[in-house]
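Please examine the fold of this protein chain and the open space at its surface. The account below moves from the overall architecture to a single pocket.

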Amino acid sequence: METRGGGDWKKLINSPECYDLLAERRARECVEELKMELDKLAEAARVSARAAEDARQAETVAIEKEADAARAADYAKNAELDSRRLLEKEKSYLASLHRLEETNTQRKKDLEKIVEDSSKGIVARNKANAELAILLSENPVTLRAARIKQEAATRKSAEASIKCKEKAINAECKLHEARSTRAHANKVKDKALLAARSAEDAIPAAQDAYIKALRAMEEMTKKSKTGRGSIFYLNADLNEQRRFLPKSQFVVAQKRVNEVMQSISSA
């Protein structure tokens, strides 16, 4: 297919001057793609930075909770030790009351044997009888009541000691959980910081590529006037042929030009 001036449109379209426009189009598309990629990397860096900051805050909270749990565990452990000491004292006092009761009972039996033993001297028997009278005159209810009261106190101390031990175990479990949470938060923070650094490190290379492509496109735009003139020439020549060609031939020529222009636009 020839132009009105005798030129070959195919050769004109394939000429370097015409390809300037196509190259410029591709350069602009490349710049746009690099800009989009740069924007994505910048957004990824911002998201990673926020995630890293959130991870740092989460780790700080986890450290504080671990410290609180450690203090609670120490308090519960000390409370258990105190309750255990108190229980031992209560048991010791109760045992002393039991021994006192047993001693009094056994002493009464021994004195009764002496009083009833005719082989013993009158002085020994009288002395044993006097001591026995003193023991029998004492109210046994007082000692028995003290022992019963102490038994109740000992049971109460034992129950308190069991509860303190349960609280100490529970506090130790919570401390273990807090330590695990803090360790996990530390790992998440380290991973988030690494991701943030990686995202930031990827930006300079993308920026350099974008700037180089932008400069290349600007340089190409300055040199693309001839290519733009070639496209303009195709349209001008077609309009010129409208005046001379029959309608049927002009329709065919116009269709071919449109196909050529469509190929350039879609390239």
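The following paragraphs treat the secondary structure, then burial and surface, and finally the pocket.

The model is a predicted one. Its protein chain contains six helices and zero strands. Read from the N terminus, the order of elements is therefore uniform in type, α-α-α-α-α-α, with helices counted as DSSP runs. Two of these elements return below: helix 2, which spans 16-116, and helix 4, which spans 140-222.

How much of the protein chain is buried? Of its 267 residues, 25% fall in that class, the cut-off being under 20% relative accessible area. The accessible surface amounts to about 18500 Å², and carbon and sulfur atoms account for 55% of that area. Contacts in the chain can also be viewed by sequence separation: of those between residues at least 6 apart, 84% join residues at least 24 apart.

Attention now turns to empty space. Rolling a probe the size of a water molecule over the atoms reveals where such space is left. The largest pocket has a volume of about 210 Å³. Its lining comprises 10 residues, and those closest to the pocket centre are E101, N104, K108, P140 and L143.

Which helices supply at least two residues each to this lining? Helix 2 and helix 4 both do, and helix 2 gives the most, with four residues. Sorted by class, the lining of the largest pocket holds four charged, three polar and three nonpolar residues.

Note on methods. Residues are numbered from 1 along each chain as its sequence is written. This is a predicted model: local features need pLDDT of at least 70, side-chain atom pairs count only at pLDDT 80 or more; totals for chains, interfaces and linings use all residues. Side-chain values use heavy atoms; hydrogens and water are left out. Buried means under 20% relative accessible area, exposed over 50%, partly exposed in between (1.4 Å probe, protein chains only). Contact means heavy atoms within 4.5 Å. Accessible areas come from the Shrake-Rupley method with a 1.4 Å probe; for residues, only the protein chains shown count as cover. On a 1 Å grid over the protein atoms alone, a cavity is a set of points where a 1.4 Å probe fits but cannot get out, and a pocket is an open set with protein on both sides within 12 Å along at least five of seven lines; lining residues have an atom within 4 Å of a point. Grid points are joined across faces, edges and corners, and a volume is the space filled by probe spheres set on the points. Ala, Val, Leu, Ile, Met, Phe, Trp, Tyr, Cys and Pro count as nonpolar, Asp, Glu, Lys and Arg as charged, and the others, Gly among them, as polar.
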